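Welcome! Take a moment with the sequence and the 3D view below, and then let us walk through a few places together.

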Amino acid sequence: KHKPTLMKKVLFALTVAGLTLASCSNEDLPAPAPGGDGNVTFAVKLPAALSRADYGDGSVAKTLSYAVYDATDGSLVFASDDASTNAPAATAVDAKNFTLSLSLVKGKSYDFIFWADAATGSPYSFSSATKSVTASYTGAVSNDENRDAFFQSIAGLSVSGPMQQSVELRRPFAQLNVGTSDIAAAAAAKTVVKDVTVTVKGVYSTLNLFSGIASDPKDVTFAATAMPGTAFTIDDVEYDYLAMDYLLTGTELEAEGNVQQAKRELMDASVLIAFTDGQSATVEVPNMPVQRNYRTNVYGALLTSPLDLTITVVPEFFEPDFNLEQKVVKTAEELVAALA
């Protein structure tokens with residue numbers, strides 16, 4: 001009834017998800033707190049134009065962690081995870097905006113790291129000592145928005161007096177979405193999805209927030225979970241989500257010093273679809289392209305037409321800026337050759 005491996009035609013489209021840093025006018029920033037000739041007030045923001053899709057809108061309540069280092073000798077000045085530094089707490093304005101006021105020394109330069117993750121249920125551990133975060137994949141499941149998070153670093157900021165500084169955080173992840181267009185057709189044939197398990201090889205578990213480099217790859221299985229009951233649309237066709245996962249990526253930056261733009265990578269993935277009748281089917285996705293701040297969509301009529309499988313990636317993070325003429329679709333072979 002169901003073939004064990006679903007794989008024939010695999011297409012990939014890579015599209016940018018808003019990698020440039022936004023800027024704010026001084027009028028958008030709070031005034032520096034009184035006192036201290038080196039008071040620096042940060043307006044820390046998540047992207048202003050997050051996705052309109054059901055996943056990845058950044059609306060889950062966040063906690064901001066941060067650390068400040070002397071740019072000359074690297075010594076720790078303030079750290080939200082180190083009580084001995086008496087670090088001021090950041091104030092959450094809403095789910096996407098924070099303010100932070102720091103009293104620093106006029107004439108000195110500092111390095112900064114910022115990390116915003118779920119206020120409750122986050123699988124990440126922030127460490128100012130190593131300037132990094134570590135991801136735990138114990139008990140990992142798909143469709144978990146608590147795995148969404150954002151970061152940024154600033155190197156060598158010179159304090160010349162009271163300052164207002166805007167900082168925009170971005171994701172260190174590729175977002176993997178798996179969807180199918182034939183839920184109704186499958187149900188008519190008495191084929192109903194029970195749950196979906198996603199396995200991805202080489203997902204990183206450590207991110208150096210200052211350098212932007214991810215490391216410590218692991219083969220991660222996002223355990224079986226029921227369909228979330230939401231959908232995404234590509235080329236006017238609606239695909240029901242089977243699974244959504246955030247994949248930590250980025251072992252090499254596109255340009256030195258810009259931690260938000262990491263080079264494209266390939267990861268192998270497989271999607272195990274279990275049906276209520278006890279049958280199952282596996283969709284293999286070898287050499288799947290992933291990239292920081294990009295969304296990789298795997299979709300098609302996965303339940304009823306396994307031999308005509310189509311998998312693409314389309315832009316949805318910053319959909320209003322999407323230019324259809326810039327959409328690029330490559331075969332898996334062409335993509336592998338281009339990345340070699």
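Two strands count as paired if DSSP finds at least two bridges between them. Keep in mind that the model you are looking at is predicted.

With that definition in hand, start at strand β13 (residues 173-180), which is joined to β20 by six bridges, the two strands running parallel. One place to find this pairing on screen is Gln-175, whose bridge partner in β20 is Arg-295.

How many of the six residues of β20 are buried? Six of the six are, so β20 is largely enclosed by the rest of the structure. Its residues point two ways: Arg-295, Asn-297 and Tyr-299 go one way, while Thr-296, Val-298 and Gly-300 go the other, and all are buried.

Just before β20 comes a loop that connects β19 (280-290) with β20 (295-300), and Arg-292 lies in this loop. Arg-292 is buried and yet has no salt bridge. The cut-off for a salt bridge is 4 Å, whereas the nearest side chain of opposite charge, that of Glu-265, is 6.5 Å away from Arg-292. Where, then, does the side chain of Arg-292 reach? The table lists two backbone oxygens that it reaches.

| Side chain | Backbone oxygen reached | Distance |
|---|---|---|
| Arg-292 | Thr-249 | 2.6 Å |
| Arg-292 | Val-259 | 2.7 Å |

Now move to another sheet to look at. It is an open sheet of four strands, in the order β5-β4-β8-β11, with antiparallel pairing. β5 (76-79) and β11 (150-158) stand at the edges and have a single partner strand each, so one side of each is left without a neighbour in the sheet. From one strand to the next, the twist averages 15°. Within this sheet, β4 (residues 62-70) and β5 run antiparallel and are joined by three bridges. Here Tyr-69 stands opposite Leu-76 in β5.

In general, the strands of a sheet pair through backbone hydrogen bonds, and they may do so in parallel or antiparallel fashion.

The last stop is Val-198, in strand β14 (residues 193-208). Is this residue buried or exposed? Val-198 has 0% relative accessibility, so it counts as buried. Leaving aside residues up to four places away in sequence, Val-198 touches a set of residues including Ser-142, Leu-176, Phe-222, Asp-245 and Val-271. The C-alpha atoms of Val-198 and Ala-224 are separated by 7.6 Å, although these residues are 26 residues apart along the chain.

Note on methods: Residues numbered from 1 in each chain as written. Predicted model: local features only at pLDDT ≥ 70, side-chain atom pairs only at ≥ 80, totals over all residues. Heavy atoms only, no water. Buried < 20%, exposed > 50% of the residue type's maximum accessible area, 1.4 Å probe, protein only. Lys, Arg positive; Asp, Glu negative; His and termini not counted. Polar contact = N/O pair within 3.5 Å; in protein donor to acceptor, adjacent residues only side chain to side chain. Axes fitted to C-alpha atoms, helices over the stretch in contact; angles between N-to-C directions. Contact = heavy atoms within 4.5 Å.
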